[in-house]
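Here are my notes on the model you sent over. They are set out as numbered points, to be read with the structure open.

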Amino acid sequence: MLNKFGPSSHGEAQVQYLDGDFRVISPGTYVRCAVTDARIPIDELKYWSVDLQEAYATPGAVVQRHYPGAIRKQG
């Protein structure tokens with residue numbers, strides 16, 4: 001297995017999300033946000049769920065996934 005500093009290739013990485021860290025299983029330059037489907041560069045990955053094994057692009061995406069009724073659209 002590779003860690004987050006191992007060799008990279010272009011495309012989507014396969015990542016194992018751990019408590020306070022993550023391990024790159026298959027190299028790539030980004031992962032996808034589980035909520036927004038946005039590309040998250042590996043070196044900018046800050047938010048993920050160990051239990052759900054998924055990444056999030058922003059704190060708002062974390063809240064949206066775990067507390068879907070918490071964010072209400074204004075209109």
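**Notes on the predicted model**

1. Start with one pair. The bridge partner of Tyr-17 in E2 is Phe-22. Keep in mind throughout that this is a predicted model. The bridge belongs to the pairing of strand E1 (residues 14-18) with strand E2 (residues 21-26). The two strands run in the antiparallel sense, and five bridges join them.

2. Look next at the turn. The hairpin of E1 and E2 has two residues between the strands. Gly-20 takes a positive phi there, near 80°.

3. Now the overall layout. The protein chain has six strands and one helix. Their order along the sequence is β-β-β-β-β-β-α. The chain has 75 residues, and 23% of them count as buried. Its accessible surface comes to about 5300 Å², with 48% belonging to carbon and sulfur atoms. Of the contacts with a separation of 6 or more, 22% are accounted for by residues 24 or more positions apart.

4. How many aromatic pairs does a search of the whole structure find? The search finds two. In one of them, the ring centres of Phe-22 and Trp-48 are 5.3 Å apart. Their planes stand at 80°, over the 60 degrees required, so this pair is edge-to-face. The pair links distant parts of the chain, since Phe-22 is in strand E2 and Trp-48 is in strand E5 (residues 47-49), 26 residues apart.

5. Is Phe-22 buried or exposed? Phe-22 has a relative accessible area of 4%, under the 20% cut-off, so Phe-22 is buried. Trp-48 has 22% and is therefore partly exposed, as its value falls between 20% and 50%. Tyr-17 joins Phe-22 and Trp-48 in one aromatic cluster.

6. Which residues have the most contacts inside the largest nonpolar core? They are Val-15, Tyr-17, Phe-22, Val-31 and Leu-45, in a core of 13 residues. E1, E2 and strand E6 (54-56) each supply at least two residues of this core. In soluble globular proteins, nonpolar side chains tend to be buried together.

7. Tyr-17 deserves a second look. Leave aside its neighbours within four places in sequence. Its contacts then include two other core residues named above, Val-31 and Leu-45. Phe-22 and Trp-48 are also in contact with Tyr-17. The rest of the list is Ser-49, Val-50, Gln-53, Glu-54 and Ala-55.

8. Check the backbone at Asp-37. Most residues other than glycine have a negative phi. Asp-37 is not a glycine, yet its phi is positive, at about 65°. Asp-37 sits in the loop between strand E3 (30-32) and strand E4 (39-41). Its relative accessible area is 47%, so Asp-37 is partly exposed.

9. Where does Gln-53 lie? Gln-53 is in the loop between E5 and E6. Gln-53 also has a positive phi, about 50°, although it is not a glycine. With a relative accessible area of 35%, Gln-53 is partly exposed. Gln-53 is also one of the residues in contact with Tyr-17.

10. One last side-chain arrangement. Arg-39 lies over the face of Tyr-30. The distance from the ring centre is 4.4 Å.

Definitions and conventions. Residues numbered from 1 in each chain as written. Predicted model: local features only at pLDDT ≥ 70, side-chain atom pairs only at ≥ 80, totals over all residues. Heavy atoms only, no water. Helix = DSSP H or I, 4+ residues; strand = E, 2+ residues; numbered from the N terminus. Buried < 20%, exposed > 50% of the residue type's maximum accessible area, 1.4 Å probe, protein only. Contact = heavy atoms within 4.5 Å. Areas by Shrake-Rupley, 256 points an atom, 1.4 Å probe, with all protein chains shown as cover. Pairing = 2+ DSSP bridges. Phe/Tyr/Trp six-rings, centres within 6.5 Å; stacked < 30°, edge-to-face > 60°. Lys NZ or Arg CZ within 6 Å of the ring centre and 35° of its normal. Core = buried A, V, L, I, M, F, W, Y, C linked by side-chain atoms within 4.5 Å.
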